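Open the model in your viewer and keep the selection panel at hand. We will go from stop to stop, with something to select at each one.

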Amino acid sequence: MDAVVLAAGAGTRFRRTAASCPKPLHRLFGISLVERALRIARQAGCRRVWVVTGWQAEEVERAIRASGRPWVEVVRADHWAWGNGASLLAVRGRVDGPFLLLMADHVMDPQLARQAVAAAEARRDELAAGGALLLVDPRLEQVFDLPEATKVRTSAGGTRIEAIGKDLDAFDAVDTGVFIGSPGLLDELAALADAAAAQAAAGEGTGVEPVTLTAGARRLAEKGRLGAVRVTDGWWVDVDDAAALDHARQRLLAHAAASGGDGPIARWLNRRLSRRLSALLAQAGVGPNGATLMAFASVLAGAAAFAAGAPVLGGILCQLGSVLDGCDGELARLRLEAQPRGAFLDTVLDRYADAVVVAGLAAGALGAGAGWPTTAAAALAAMAGLPLSALMKDRLQLLREATGRRFDPLRDDPPWLRWVPGNRDGRYFLVFLAGLAGAPLAALVLLATVSHALALGRLIHAWRHLGGEDR
């Protein structure tokens, strides 16, 4: 499926209240709004993306083409000033069949686009019959600036739109701006554009009747051919002005910091710090891999400080590395740059960092006068236990996927086990505390204790849970 991103409007309210640049080029955490739409479309599985330009087209087109991506095509709308529906007509004859339609100025959870594409596959017959689909949000209490939103009234169990417009008195959802367009929608917009052209040629009034997507969608709805896809999860913001831009910024940060596998230290301490760091790093153009390398370097420096007899500095640097370790995932979500190789790099460097920390703690303990046998035993026990948390999570996840079992080690640990600081955030916080206390040997003992306690507790719980499903 192709995608179309509309980036043609003048964005008058936005330029008056937020920034003077073309709205599609405004950067949010280092990524322009139109670039976000491109990445969302690509992550939704679209093979080619058409970007429609209009106002200050040359500047917008230059920025888009600078990336040199062969899957992005730019087309200019001659009559963009007539409305976003007239802009969309620029791709008529270029797209073949249904297409994902996104607005460059809508910031959203990428899963909304994936939901729309999945709905297009499930409802191919409606699209083949000349219909279109619109993603609608029934969670009215969550809609930012509801009075300005385009309202819809659905029927047929929420699968059909019978009315759409900003001034509807009775409505049960709002337009998210995510469409599955079709030749049928383009035909309706073409009819509106022909009427507008005739009006302009006749010199009627002070201007032509706007050719909007809402007007085209209304014509389809009147013919019973506009389907509704109800949003079940995720979020979106129509960035029209400075207030909406600030709201989008907060939603992006909250989404970036939402991780299902956080331990208590990450949830209540590290995330409060990493969110701020991630925002600064994103604005500076640092990507997730850069944050991974920064976290690794910080932990290496902390291990070196422990080895050199500076445990306080070592503890602080290791805790900083732990905070930065949360930034790479946040930046991947914030900048839509998640890549399997980045996650793999993070996993490998985390294991190396753990080993170096153990070595630094052992050297620091020996330098502080601890005996060889005790230090060696604690270091070996810690070295054996540290990889088990990630290893067991990954292995249990593979078993879950292979067998269809519902056990999820990230969320289904028993309550008492969740308080054992054996995950990476908890372990490095213990290293931090031991560093402040000037006790590197105690840090080794704590690392060994909590890592093996978590591993054994998870083993017992998983054994009982997985075995119980066989009976």
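The tour below starts with confidence and then visits a helix, a cavity, a pocket, some cysteines, a loop and an aromatic pair.

**Colour by confidence**

This is a predicted model, so begin by colouring it by pLDDT. The mean over the protein is 91, and 94% of the residues reach 70 or more. Select strand β6, residues 99-103, to see the element with the highest mean pLDDT, 98. Then select helix α15, residues 388-403, where the mean of 74 is the lowest among the elements. Where pLDDT is low, the predicted coordinates should not be read in detail.

**Helix α2**

Now select residues 33-43, which make up helix α2. Is this helix mostly covered or mostly exposed? Mostly covered: 9 of its 11 residues are buried. Show side chains for L33, V34, E35, R36, A37, L38, R39, I40 and A41 to display those buried residues. Step just past the end of α2 and you reach G45, whose phi is positive, at about 100 degrees.

**The largest cavity**

Stay with α2 and keep R36 and I40 on screen. Together with V107, M108 and L252, they lie nearest the centre of the largest cavity, which is lined by 14 residues. Add β7 (106-108) and α9 (242-257) to the view, since these two elements and α2 each give two or more residues to that lining. Which element supplies the largest share of the lining? Helix α2 does, with 4 residues. The cavity has a volume of about 70 Å³, and its lining divides into 10 nonpolar, 2 polar and 2 charged residues. In the whole structure, a search finds 5 cavities of 30 Å³ or more.

**The second largest pocket**

Next, select N84, D105, H106, D238 and D240. These residues lie nearest the centre of the second largest pocket, whose lining counts 42 residues. The volume here is about 1200 Å³. To trace the walls, colour β1 (2-7), α1 (12-17), α4 (84-88), β11 (173-181), α8 (213-222) and β13 (236-238), each of which supplies at least two lining residues. Helix α8 gives the largest share, 4 residues. Colour the lining by residue class and you will find 20 nonpolar, 11 polar and 11 charged residues.

**Cysteines**

Where are the disulfides? The structure holds 0 of them. Select C327 together with C318: the sulfur of C318 is the nearest cysteine sulfur to that of C327, yet it is 16 Å away. C327 counts as buried because its relative accessibility is 0%, under the 20% cut-off. C46 is also buried, at 2% relative accessibility.

**Out to a loop**

Select G93, in the loop between α4 and β6. Buried or exposed? With a relative accessibility of 75%, G93 counts as exposed. For a distance label, join its C-alpha to that of Q43: the two residues are 50 apart in sequence and 25 Å apart in space.

**Last stop: an aromatic pair**

A search of the whole structure finds 1 aromatic pair. Select F429 and F432 to see this tilted pair, with ring centres 5.8 Å apart and 40 degrees between the planes. Both belong to helix α17 (residues 424-436), and because they are 3 residues apart there, about one helical turn separates them. F432 is buried, with a relative accessible area of 18%.

Notes. Residues are numbered from 1 along each chain as its sequence is written. This is a predicted model: local features need pLDDT of at least 70, side-chain atom pairs count only at pLDDT 80 or more; totals for chains, interfaces and linings use all residues. Side-chain values use heavy atoms; hydrogens and water are left out. On a 1 Å grid over the protein atoms alone, a cavity is a set of points where a 1.4 Å probe fits but cannot get out, and a pocket is an open set with protein on both sides within 12 Å along at least five of seven lines; lining residues have an atom within 4 Å of a point. Grid points are joined across faces, edges and corners, and a volume is the space filled by probe spheres set on the points. Ala, Val, Leu, Ile, Met, Phe, Trp, Tyr, Cys and Pro count as nonpolar, Asp, Glu, Lys and Arg as charged, and the others, Gly among them, as polar. Buried means under 20% relative accessible area, exposed over 50%, partly exposed in between (1.4 Å probe, protein chains only). A disulfide is a pair of cysteine sulfur atoms within 2.5 Å. pLDDT is the predictor's confidence in each residue, from 0 to 100. Rings of Phe, Tyr and Trp (its six-membered ring) pair if their centres lie within 6.5 Å; planes under 30 degrees apart count as stacked, over 60 as edge-to-face and the rest as tilted.
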